[in-house]
Amino acid sequence: MSSSRDGRSRDPRRPGSSPRPGRGPAPRERPARPRGGEGRRAPRETPPPRRPRSGPPPRRPGGGPPGPPPRRPLRRGNPRRRLRAAGVLMTVVLLVFAGRLVQIQAFQASQYAAKAEELRLTTIDIPTTRGAVTDASGSPLALSVEARTVFVDPVTVQDDERDRVIDELTERFDLDRAEVAAKVGAEPSRYEVVAEKVPPKQWEDLQDLGLAGVGALTDYKRVYPDETGAADIVGFTGADGHGLEGLEAVMEDTLAGEPGKQRVEVGASGVQIPMAGGLVQEPVPGKDVRLTLDRDIQWHASQVLAERAEELEAQGGSAIVMRPTGEILAMADYPTYDQSDYADASAGARLNGAVAEAFEPGSTNKVITVAGALEEGLTTPETVYTVPYSMRIHDRTFSDSHFHKTQRLTLNGIMAQSSNVGTIKVGQELGAQRLYRYLRKFGFGEPTGLDLPGENAGILAKPEDWWGTQLPSISFGQGLSVNAAQMASVYATVANGGVRVEPTIVAGTSSDEGGFTPSPEPPRERVISKETAKELTRMLEAVTGEHGTAEAAQIPNYRVAGKTGTANRVDPETGTYNGGHTSMFVGFAPADDPELVVQVVLHDPKHEYYGGEAAAPVFTDIMSFALKSEKVPPTGTEPPNIRLFGDG
């Protein structure tokens, strides 16, 4: 161990000893404090010893563990450096914002403007004119007339006129004053609808007052001329102008046209501001639909039918006027309704019973049985049959409508006197398969082709499903069902020389340009020969003769051929014949050169129910009017004298 110059030991483990290499110089010896107060100097502050750069910390005297390292003094950074860094950062942020602003305003300005416009503007439909529904001569059955939608702009209503605006709108449109006041004061809204479907004249009277903030938009209203009698055919439109029933619904795509397109501004409250945008697409008017109906005949048929139905307290009825070539001139129905007030009409009143009501055809069906037997060569008009009042087949007894002794009737006589028993004998000769085939050829068991809503195609079972007494029942019109249009088509086929033409009611369409597009030609099919049709015509003419069942169907100066029908109605709840009767008459005139066919049906008349009594008078009235309306000249020949009864 070495000694220092002052004689003290240099033990490295003690304070004050010489440091190891790399530990720096040893601390200086602290001077002794003077004992007296005189000449006393403040002790010199000694800086804290620096921590060695390496090696273990020095031990405390006495060999204890080392104490905590001395705290490093806090040094303040250079403020200029901080300011420079903040300035650089702010410059970068501003450059980013400036670059984005240039991008939006210079390079993408049009794109963002378009997006902003899309948020503010929207496209609305501009109402277009719905096509008219007319009869064959162009007389309207349904048409659209110009109307106005009156609105108020609350922002532009002047304060000193506010009460006057409210009063005028309330009185002129019969509205609740509180509701009108709420709309007039609905700022910041710019568009509040006050009244719709306003006649142009009524709007013009209001416009003449010059009230600020009150305006109108062009609209269209559907109207139906009074007393056309065609409500069940034409139908009606809803509040939005779209067809709901009848031809208005079936021909919606043709009648509706295509609305135009207009850009309008949408305010902050979501209200549309009219005319804020431009016209995008012109509206395309709908096409007019021309029917085969004759408005005068249609109206007359509906009046006569309603009067007779109410007189007999009938549940319902229908009347059809048709050309032999299938064009329908009238299709009346009872009960009916007012198209302008359809909401108060029952579903039954809105139903087109001429196609929707199915019923058993009764004796009007006998013409098909006889036609099939004649066409197959199984009989002739002069063939004589022994016809008792009744006959029993299996477990059922069939009889004629009125009691009579056993008769000898020709086929002419069977048809003229409408004998059920005689017709059953003819049907047995024809057989189930051939009878079914002729029923189908005449149009039974399938839709008529009129495409009217709610059509009931009726019921016609296949022959393999017929049970024991089905053949005799169907022969004279029981056990199957048809609608009035189907049965009218049967007699039109006979009047047309044996050629069946599918019934039609739509003649075609026309546009604003004036061009008329006819409907496609309906299907045609020869059902029976021309000779068979002539033989049937002579038989049917005998029905209205002296010994026939429908003398009431005669028309002065015209030869008439036709057939009565009286059928039991099936009670839908019990499935039995307890539902009253259906009375019918169907025929054509002039018999020697047929021009018109008329079918009359009355459902459940209360006082008279035989077809010759209940329905034949309606036929006579409608046919007489139609012949005059169509200017059909009187018949110039006398009816042939045909044999009805056999010898002895």
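T469 is buried in this predicted model, with a relative accessible area of 2%; buried means under 20% relative accessible area, exposed over 50% and partly exposed in between, using a 1.4 Å probe and protein chains only. T469 is found in the loop between α15 (432-441) and α16 (470-475). Helices (H or I, at least four residues) and strands (E, at least two) are DSSP runs, numbered from the N terminus. Leaving aside neighbours within four places in sequence, T469 is in contact (heavy atoms within 4.5 Å) with I393, H394, D395, R396 and F398.

Because the model is predicted, local features need pLDDT of at least 70 and side-chain atom pairs count only at pLDDT 80 or more, while totals for chains, interfaces and linings use all residues. Residues are numbered from 1 along each chain as its sequence is written, and side-chain values use heavy atoms, with hydrogens and water left out.

A wider view of the protein helps to place these details. The secondary structure comes to 20 helices and 24 strands. Of the 648 residues, 43% count as buried. Among contacts between residues at least 6 apart in sequence, 72% join residues at least 24 apart.

Two helix pairs can be followed by eye in the structure. Two packed helices are described by the angle between their axes and the distance between the axes. Axes are lines fitted to C-alpha atoms, for helices over the stretch in contact, and angles run from 0 to 180 degrees between N-to-C directions. Helix α3 (residues 162-173) packs against helix α4 (residues 177-184) at an angle of about 135°, with the axes 9 Å apart. The two are therefore oblique to each other; angles under 35 degrees count as roughly parallel, over 145 as roughly antiparallel, 65 to 115 as roughly perpendicular and the rest as oblique. The crossing of α3 and α4 is right-handed, meaning that the near helix is turned clockwise from the far one by less than a right angle (anticlockwise would be left-handed). On the α3 side, R162, D163, V165, I166, D167, L169 and T170 meet R177, V180, A181 and V184 of α4.

V165 and L169 also appear among the residues touched by V214, together with V150, F151, W203 and L206, not counting residues up to four places away in sequence. V214 lies in strand β5 (residues 214-223) and counts as buried at 15% relative accessibility.

The second pair is formed by α9 (residues 295-311) and α20 (residues 616-629), which pack at an angle of about 165° with their axes 10 Å apart. These helices are therefore roughly antiparallel to each other. Their contact includes H300 and V304 of α9 and I622 and F625 of α20.

Aromatic rings add further links. The structure holds 7 aromatic pairs; rings of Phe, Tyr and Trp (its six-membered ring) pair if their centres lie within 6.5 Å, and planes under 30 degrees apart count as stacked, over 60 as edge-to-face and the rest as tilted. One stacked pair is F236 and Y342, at 4.0 Å centre to centre with 10° between the planes. F236 lies in strand β6 (residues 236-237) and Y342 in the loop between β13 (328-334) and α10 (347-350), so the pair ties together parts that are 106 residues apart in sequence. F236 is buried at 2% relative accessible area, whereas Y342 counts as partly exposed at 24%. With Y337, these two residues form one aromatic cluster.
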